[in-house]
Amino acid sequence: MTDKVKTISGRLGIDPRLAYTRKGEPVCEMSVGLTNEQSETIWRKVVVFGKLAELCSVHLRKGNEVFVRGRMNLKVFTDGKGIEREYFEILANSIGQSLL
């Protein structure tokens, strides 16, 4: 895990998915597409907890332009072939939507 705070902006690639933890806390996952200097799309997983998670699931939809601020979190997993893989997700504490 890292404590680096990151701010990104891009478009949602999927509708936000709302679920609840075993303790009943709302958690919402979404994917934000960013465009790099080579005009390639890079996807970032964004995770939101609490009331903000519920608000995201109600007000955001695929294609919306959003601004996300949160802490980067490194996730490590082993895939079906036994290969260890890793990716970064953003644990968001602030999300905004473009009004244009």
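This is a short tour of the chain, from the whole fold down to one serine.

Before you start, note that this is a predicted model, in which local features need pLDDT of at least 70, side-chain atom pairs count only at pLDDT 80 or more, and totals for chains, interfaces and linings use all residues. Residues are numbered from 1 along each chain as its sequence is written, and side-chain values use heavy atoms, leaving out hydrogens and water.

**Stop 1: the whole chain.** Switch to cartoon view and look for one helix and six strands. Helices (H or I, at least four residues) and strands (E, at least two) are DSSP runs, numbered from the N terminus. Starting at the N terminus, you will pass β-β-β-β-α-β-β. Show the C-alpha trace next: along its principal axes, this trace spans about 45 × 45 × 25 Å.

**Stop 2: the surface.** Turn on the surface, whose accessible area is about 6800 Å² (Shrake-Rupley method, 1.4 Å probe). Carbon and sulfur atoms account for 50% of that area. How many of the 100 residues, in percent, count as buried? The share is 35%, where buried means under 20% relative accessible area (1.4 Å probe, protein chains only).

**Stop 3: S31.** Now select strand β3, residues 26-35, and find S31 there. Is S31 buried or exposed (over 50% relative accessible area)? S31 is buried, with a relative accessible area of 19%. Finally, show what S31 touches, with contact meaning heavy atoms within 4.5 Å. Leaving aside neighbours within four places in sequence, S31 is in contact with R11, L12, G13, I14, W43 and R44.
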